[in-house]
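Let's take a walk through a protein model together, one piece at a time. Have the sequence and the 3D view open as you read.

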Amino acid sequence: KGQRLPIFVGVPRFNLDQLDRMRETCQKPGFRGFLRPTADNPLHVKLEANPNGFVRIWQPPKTHRTYVIGGDSAEGVEGGDYLSAHVLDRETEDITAAWHGHCEPETFADELAKLGYLYNRALIGVESYPSAHGLATLTKLRGLNYPRIFYSRSIEVRGRTQDRIGWRNTPRNKPLMIDGIGKHLERQLGEPDPVILDADLVGELQTYGVMENGSTEAQAGCYDDRVVSYGVALLMAKTAGLSRHFPSLNK
């Protein structure tokens with residue numbers, strides 16, 4: 001629930017005191033509801049307000065701004081893991097919108113496409129490994145002919161390279177994503193903390209730890225779907241300096 005645990009298994013991966021301060025700057029979204037298809041506007045998407053909606057918007061899309069969407073898919077059954085997405089302004093790296101709820105992985109692709117079109121055809125990346133649910137989401141998204149899907153390039157045996165759809169959260173890649181969040185939060189003495197408007201994300205960051213075996217994961221009974229979707233989005237927003245690893249970003 002975003003509250004500190006009396007007993008923390010392992011070591012907190014992120015600075016809990018800093019996250020406590022950051023919670024004070026979180027804001028309620030200006031809109032919460034659903035995205036519905038429509039033929040009444042060029043985006044073919046309309047907003048339907050609902051206090052229980054999966055979509056939360058803090059900043060509406062702006063003309064001539066570029067956005068990225070990071071996603072974490074799941075089986076989608078009630079009581080199981082949530083599906084999550086975060087929309088970031090690629091220049092400022094601010095969270096502008098988020099999606100969180102339960103649905104089928106293929107239905108999640110429809111939701112991501114609507115969110116992507118709303119935010120200027122945002123680049124969409126979804127964790128495609130180790131869970132097969134992300135691959136199902138991406139396969140459907142590609143079948144929808146969505147124009148901008150994130151591909152990562154991996155080095156195979158004998159120096160061969162291969163483009164693979166989505167973000168493969170392998171044991172080698174996962175530290176890159178988690179350390180990217182840590183680097184984003186890192187501040188020198190006297191510098192202000194970064195602003196994360198999503199209080200639920202801050203709560204998940206507070207319950208994310210490093211285990212004795214060196215792995216990073218959520219505490220028992222807690223979730224990390226928002227951590228993953230935010231990490232993927234942040235990684236894509238920062239990939240200008242990593243273009244040699246991800247040459248297919250402009251697909």
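## A guided tour from the hairpin outwards

Strands β6 and β7 run antiparallel and are joined by 6 bridges. One of the pairs to look for is Ala85, whose bridge partner in β7 is Trp99. The two strands form a hairpin, with 5 residues between them. In that turn sits Glu93, which has a positive phi of about 65°. Keep in mind as you look that this is a predicted model.

Now turn to the other neighbour of this strand. β5 and β6 also run antiparallel, and 6 bridges join them. Here Ile69 has Val87 of β6 as its bridge partner.

How many residues of β6 are buried? The count is 7 of 7, so the strand is mostly covered. In a regular strand the side chains alternate between the two faces of the sheet. You can follow this in β6: Leu83, Ala85, Val87 and Asp89 point one way, while Ser84, His86 and Leu88 point the other way. The residues of both groups are buried.

Let's step back to the whole sheet. It is an open sheet of 8 strands, in the order β3-β2-β4-β7-β6-β5-β8-β11, and its pairing is mixed. At the edges stand β3 (45-49) and β11 (167-168), each with a single partner strand, so one side of each has no neighbour in the sheet. Helix α6 (residues 225-237) packs on this sheet, where it touches β4, β5, β6, β7, β8 and β11. The direction of α6 makes about 145° with that of β5. Towards the β11 edge, β8 (residues 123-129) and β11 run parallel and are joined by 2 bridges. There, Glu127 has Trp167 of β11 as its bridge partner.

Helix α6 also meets another helix. Two packed helices are described by the angle between their axes and the distance between the axes. For α4 (residues 174-185) and α6, the axes come within 9 Å and cross at roughly 80°. The two helices are therefore roughly perpendicular to each other. On the α4 side the contact is made by Leu176, Met177, Ile178, Gly180, Ile181 and His184. On the α6 side, the residues taking part include Val227, Tyr230 and Leu234.

Val227 turns up again when we look at helix α5 (residues 199-206), where Glu204 lies. Is Glu204 buried or exposed? With 7% relative accessibility, Glu204 counts as buried. Leaving aside residues up to four places away in sequence, Glu204 touches Tyr223, Asp224, Asp225, Arg226 and Val227.

Next come a few spots where the backbone is worth a second look. Most residues other than glycine have a negative phi, and most peptide bonds are trans. His44, in the loop between β2 (31-37) and β3, has a positive phi of about 60° although it is not a glycine. This residue is partly exposed, with a relative accessible area of 47%. Asn120 has a positive phi too, of about 55°, and its place is in the loop between α2 (105-118) and β8. At 34% relative accessibility, Asn120 counts as partly exposed. Then there is the cis peptide bond that joins Tyr129 and Pro130, with omega at about 10°. Pro130 lies in the loop between β8 and α3 (132-143).

What about the cysteines? A disulfide is a covalent bond between the sulfur atoms of two cysteines. This structure holds 0 disulfides. Cys26 is buried, at 16% relative accessible area, whereas Cys222 is partly exposed, at 22%.

Finally, take in the chain as a whole. Its secondary structure comes to 6 helices and 13 strands, and 47% of its 251 residues count as buried. Among contacts with a separation of 6 or more, 62% are between residues 24 or more positions apart. For a glimpse of how distant parts of the chain are placed, find Gly10, in the segment before β1 (11-12). Gly10 and Glu217 are 207 residues apart along the chain, and their C-alpha atoms are separated by 9.7 Å.

How confident is the predictor? The average pLDDT of the chain is 89, and 89% of the residues score at least 70. Over residues 240-251, however, pLDDT stays under 50. Where pLDDT is low, the predicted coordinates should not be read in detail.

Notes
Residues are numbered from 1 along each chain as its sequence is written. Side-chain values use heavy atoms; hydrogens and water are left out. Two strands pair if DSSP finds at least two bridges between them. Helices (H or I, at least four residues) and strands (E, at least two) are DSSP runs, numbered from the N terminus. Contact means heavy atoms within 4.5 Å. Axes are lines fitted to C-alpha atoms, for helices over the stretch in contact, and angles run from 0 to 180 degrees between N-to-C directions. A disulfide is a pair of cysteine sulfur atoms within 2.5 Å. Buried means under 20% relative accessible area, exposed over 50%, partly exposed in between (1.4 Å probe, protein chains only). pLDDT is the predictor's confidence in each residue, from 0 to 100. Angles under 35 degrees count as roughly parallel, over 145 as roughly antiparallel, 65 to 115 as roughly perpendicular and the rest as oblique.
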